[in-house]
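Visitor: Could you walk me through reading rings, pockets and sulfur links in a model like this one?

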Amino acid sequence: SADPVHAARALSALANIVQLRGRLHDGERLSTQANVALARTSSRAADPFATVFAQAMRDGVIRGNASRGIAELDSTFRAYPVASAPAVTFSNISLAVLAYAQLGSAAKARDALRQWETRLDSSARSLNVVGIARDRGMIAMTEGKTDSAVAFFRQSDVEADGLPTNNCSACTPYLIGIAYDQGRQADSARKYLTKYVDMHGGSHLNIDQYYLAPTLYRLGELYLDAGDTKRAIMYYTRFIDLWKNADPDLQPRVAEARKQVAEMVRATG
């Protein structure tokens with residue numbers, strides 16, 4: 001597009017699609033270019049909390065290196081203290097808090113959330129009610145409080161006015177699913193994670209780029225454990241198709257999924 005705003009947004013969407021396919025190095029490069037372009041169109045620097053959320057998700061959730069993701073978050077929170085962060089960054093501070101908790105650092109997440117909430121007036125709190133509920137739910141999940149986590153995640157489906165949120169409709173089943181999974185409630189985990197991966201709509205790309213492939217793989221494991229080989233094969237196969245051209249460091253998981261599918265096919269004849 002000749003319009004720089006549209007061109008920057010298109011580049012950002014391309015980065016998300018590339019990352020969804022497991023090409024993290026290319027996705028990171030394109031995302032950096034898109035952030036520079038978007039910042040140029042808005043005459044302000046790229047939001048550091050949005051940037052570090054993406055980095056922490058790539059390294060911590062997709063690559064499985066939680067310590068690296070937490071170190072990246074630590075560095076950003078040191079460089080950009082919550083106490084002096086501009087209001088325009090508030091929603092992305094919430095995402096960074098979520099990342100802290102999801103990567104296992106409940107204490108750091110709770111401290112950052114506390115600092116952030118002290119900055120919110122009543123209007124800002126209403127605007128960020130969904131993010132606050134998700135942060136609290138993720139902290140509870142990390143602390144092993146499955147019931148509390150699920151309650152917060154259900155709460156995050158509704159805005160302050162009581163109406164359903166349009167803030168990431170796919171997030172709720174995903175978050176409830178991983179809470180049940182961590183709480184070793186396999187039946188409920190399968191139900192909600194299946195609901196997440198089978199949802200449709202382009203608006204889900206913002207979270208699919210981080211969560212879809214790992215969730216498809218996990219569903220393969222969950223259905224295999226339940227003895228449902230038909231569905232296990234289906235979700236493993238969807239995972240394989242998504243990551244068949246992924247980066248070399250992600251290929252061992254693709255190879256393992258192929259191995260599981262081959263063994264199930266042999267066993268079922």
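**Rings first**

Guide: Ring pairs link Phe53, Tyr174, Tyr196, Tyr210 and Tyr211 into a cluster. Rings of Phe, Tyr and Trp (its six-membered ring) pair if their centres lie within 6.5 Å; planes under 30 degrees apart count as stacked, over 60 as edge-to-face and the rest as tilted. Before going on: this is a predicted model, where local features need pLDDT of at least 70 and side-chain atom pairs count only at pLDDT 80 or more, while totals for chains, interfaces and linings use all residues. Residues are numbered from 1 along each chain as its sequence is written, and side-chain values use heavy atoms, with hydrogens and water left out.

Visitor: How many aromatic pairs does the structure hold?

Guide: Eleven. Take phenylalanine 77 and tyrosine 100: ring centres 5.3 Å apart and planes at 20 degrees, so this pair is stacked. It links distant parts of the chain, with phenylalanine 77 in helix α4 (residues 66-79) and tyrosine 100 in helix α5, 23 residues apart. Helices here are DSSP runs (H or I, at least four residues), numbered from the N terminus.

Visitor: Are phenylalanine 77 and tyrosine 100 buried or exposed?

Guide: Buried means under 20% relative accessible area, exposed over 50%, partly exposed in between (1.4 Å probe, protein chains only). Phenylalanine 77 has 13%, so it is buried; tyrosine 100, at 4%, counts as buried too. Now compare tyrosine 217 and tyrosine 236: their centres are 5.6 Å apart with planes at 80 degrees, so that pair is edge-to-face. Tyrosine 217 belongs to helix α12 and tyrosine 236 to helix α13 (residues 229-243), 19 residues apart. Both tyrosine 217 and tyrosine 236 are buried.

Visitor: Which residue lies over the face of tyrosine 223?

Guide: The rule asks for NZ of Lys or CZ of Arg within 6 Å of the ring centre and within 35 degrees of the ring normal. Arginine 190 fits, at 5.9 Å from the ring centre of tyrosine 223.

Visitor: OK, on to empty space. What is the volume of the largest pocket?

Guide: Rolling a probe the size of a water molecule over the atoms shows where empty space is left. On a 1 Å grid over the protein atoms alone, a cavity is a set of points where a 1.4 Å probe fits but cannot get out, and a pocket is an open set with protein on both sides within 12 Å along at least five of seven lines; lining residues have an atom within 4 Å of a point. Grid points are joined across faces, edges and corners, and a volume is the space filled by probe spheres set on the points. The largest pocket has about 1400 Å³. Of its 49 lining residues, Ala50, Phe53, Asn92, Leu95 and Asn206 lie nearest its centre. The largest share of that lining, ten residues, comes from α2.

Visitor: And which element gives the most to the lining of the second largest pocket?

Guide: That's α12, with six residues. This second largest pocket holds about 510 Å³.

Visitor: Which cysteines does a disulfide join?

Guide: A disulfide is a covalent bond between the sulfur atoms of two cysteines. The test is a pair of cysteine sulfur atoms within 2.5 Å. By that rule there is one disulfide, joining cysteine 168 to cysteine 171, S to S 1.9 Å. The torsion about their S-S bond is about 85 degrees, so the disulfide is right-handed.

Definitions and conventions. Helix = DSSP H or I, 4+ residues; strand = E, 2+ residues; numbered from the N terminus.
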